[in-house]
Each structure stands twice: as structure tokens, then as C-alpha cells.
Amino acid sequence: MGVILFVTVVIGVLIVKGHRASAPREEVVSSQADQQIRHIHIQEDAKGGGYRWSLDAERAESFPGTGKTLLRKVTIGVEEPGRRWKVTSDEGDLVQDTRDVELRGNVVLVSSEGMRIETTVLRWANAEGRVWTEQPVTIYRSGGMVKGTGFEARPSQEATLIRGPVTATFSVTKAAAPAAPKSKL
């Protein structure tokens with residue numbers, strides 16, 4: 001009787017543990033992605049060679065039929081002759097065919113020239129070379145701050161448009177007064 005009880009308990013424990021081990025992890029169940037990649041890195045030279053860009057993400061998920069890749073913890077770098085840009089965000093989408101990008105959540109763009117842009121959504125149209133948002137945006141540069149509702153820039157043309165209402169604050173530093181000429185007495 002003791003052997004039968006022991007075998008029954010062992011079989012019961014193995015069955016319970018076997019069901020727990022075969023249960024799929026939540027991460028796999030929650031996503032219907034065609035592919036999942038951790039730590040993705042893409043780098044390309046622009047058409048015409050005017051700049052080079054790279055995209056890094058902690059995780060990328062490609063969904064069948066959408067032509068998009070969902071990115072998590074995104075960093076995009078752009079290198080042009082004489083300046084660099086770095087953009088970070090919580091997540092984004094990369095359109096696979098066109099290389100258009102939409103970044104969402106804590107989007108921060110920093111340039112090597114000392115400019116910083118903060119917003120919640122930022123889009124890049126690769127064919128047009130245009131970056132924009134319709135969301136509130138704050139731009140910091142050289143002791144100044146500009147806030148607006150919407151932003152558009154074409155880096156290759158060095159043109160930027162901030163939509164209104166716009167408020168701007170600039171810090172003013174007093175320049176040293178020129179020295180008075182010395183008089184001869």
C-alpha cells in the first residue's frame with residue numbers, strides 16, 4: 001500500500017510540474033509578431049551620400065502583412081558632414097520598404113550644435129528628407145527655449161518651421177561694456 005501511495009504522489013507531482021513547464025511564457029503569447037529580434041542595429045548611407053544614419057533598438061517585432069516593424073527603446077543617429085544628431089524614444093515603427101519612421105514616447109533629439117528637441121511623437125519621411133510632429137514641442141538652444149504646437153524641419157535645406165501658438169524665452173547676458181578710451185592729461 002505504501003509503494004502505491006508513493007508512486008501515485010510521484011506521478012501527481014510530475015504531471016503538475018510538466019503542465020507548468022509546458023505553459024508558454026507571457027511574452028510569446030502576447031505578441032503575434034512574425035519575427036522578434038533583440039538588439040537590432042541598422043546602418044545606411046543616404047542616397048547621394050549626404051549623410052549616414054543608424055537605428056538601434058532593444059527589441060524589434062515584425063508583423064505579417066503590415067510592412068512595419070515595431071521598435072522598443074529606439075536610438076537613431078544621423079551623421080552629416082560637420083554635425084551629428086541623436087534621437088531617442090520609448091518606441092516606434094519602421095516602415096520596411098520606405099524606411100520612414102514614427103517615434104513615440106519621450107522623444108528627445110540632440111544635435112552636436114547644441115540643440116535639443118523634446119516631444120511625444122516625431123515622424124521621419126525618408127524620401128522627402130523631412131521630420132515633423134503635430135504634437136507640442138519644446139526646443140532648447142543657446143540659452144533659449146521655444147515652445148510650439150507642431151514642428152517641421154528639412155535638415156538638408158536647414159529650414160525649420162514651428163507652428164503656433166509659439167512662445168519663446170531667451171536668456172540675456174550682459175556683455176562687458178567697452179573700455180573707455182584713456183585720455184591724456
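The exercises below work through a predicted model of one protein, each with a solution in steps.

**Exercise 1. Determine how many helices and strands the protein has and in which order they come.**

Step 1. The protein has 2 helices and 10 strands.

Step 2. Along the sequence they follow the pattern α-α-β-β-β-β-β-β-β-β-β-β.

Step 3. The protein has 185 residues, of which 30% count as buried.

Step 4. Among contacts between residues at least 6 apart in sequence, 29% join residues at least 24 apart.

**Exercise 2. Decide where the model has its lowest and its highest confidence.**

Step 1. The mean pLDDT of the protein is 76, and 71% of the residues reach 70 or more.

Step 2. Confidence is lowest in helix α2 (residues 26–30), where the mean is 40. Strand β5 has the highest value, 91.

Step 3. Over residues 19–30 pLDDT stays under 50, and the model gives this stretch 4 contacts beyond four places in sequence.

Step 4. Where pLDDT is low, the predicted coordinates should not be read in detail.

**Exercise 3. Describe the pairing of β2 with β3, of β4 with β5 and of β5 with β6, including the turns.**

Step 1. Strand β2 (residues 52–62) and strand β3 (residues 68–80) pair in the antiparallel sense over 10 bridges. S54 has G77 in β3 as its bridge partner. The hairpin has 5 residues between the strands, and G65 takes a positive phi near 80°.

Step 2. β4 and β5 run antiparallel and are joined by 8 bridges. V87 stands opposite L109 in β5. This hairpin has 5 residues between its strands, and R99 in the turn has a positive phi of about 65°.

Step 3. β5 and β6 also run antiparallel, joined by 8 bridges. The bridge partner of V108 is E118 in β6. Here 4 residues lie between the strands, and G114 in the turn has a positive phi of about 95°.

Step 4. As for burial, 8 of the 11 residues of β2 are buried.

**Exercise 4. Find which residues of the largest nonpolar core touch the most other members, and which strands supply the core.**

Step 1. The largest nonpolar core has 24 residues, and L55 and F151 touch the most other members.

Step 2. At least two residues of this core come from each of β1 (35–45), β2, β3, β4 (83–95), β5 (101–111), β6 (116–125), β7 (130–141) and β8 (144–154).

Step 3. Leaving out residues up to four places away in sequence, F151 touches I117, L122, V131, W132, T133, V137, I139, T160, L161 and I162.

Step 4. In general, nonpolar side chains tend to be buried together in soluble globular proteins.

Step 5. The structure holds 0 aromatic pairs. The ring of W132 does have the charged end of R130 over it, 3.8 Å from the ring centre.

**Exercise 5. Establish why Y140 and R72 are classed as partly exposed, and list their contacts.**

Step 1. Y140 is found in strand β7. Its relative accessible area is 30%, so Y140 is partly exposed, a class that runs between the cut-offs of 20% and 50%.

Step 2. Not counting residues up to four places away in sequence, Y140 touches G114, M115, R116, E118 and M145. Y140 and E118 are 22 residues apart along the chain, and their C-alpha atoms are separated by 8.6 Å.

Step 3. R72 lies in strand β3. R72 counts as partly exposed because its relative accessibility is 28%.

Step 4. Neighbours within four places aside, R72 is in contact with A57, E58, R59, D90 and E91. R72 and G92, 20 residues apart in sequence, are 6.6 Å apart in space, C-alpha to C-alpha.

**Exercise 6. Locate the backbone exceptions at K73, S142 and P165.**

Step 1. Most residues other than glycine have a negative phi, and most peptide bonds are trans.

Step 2. K73 is not a glycine, yet has a positive phi of about 50°. K73 is found in strand β3 and is partly exposed, with a relative accessible area of 44%.

Step 3. S142, also not a glycine, has a positive phi of about 50°. S142 sits in the loop between β7 and β8 and is exposed, at 67% relative accessible area.

Step 4. The peptide bond from G164 to P165 is cis, with omega near 0°. P165 lies in the loop between β9 (159–162) and β10 (167–170).

Methods: Residues numbered from 1 in each chain as written. Heavy atoms only, no water. Buried < 20%, exposed > 50% of the residue type's maximum accessible area, 1.4 Å probe, protein only. Pairing = 2+ DSSP bridges. Core = buried A, V, L, I, M, F, W, Y, C linked by side-chain atoms within 4.5 Å. Contact = heavy atoms within 4.5 Å. Phe/Tyr/Trp six-rings, centres within 6.5 Å; stacked < 30°, edge-to-face > 60°. Lys NZ or Arg CZ within 6 Å of the ring centre and 35° of its normal. pLDDT = per-residue confidence, 0-100.
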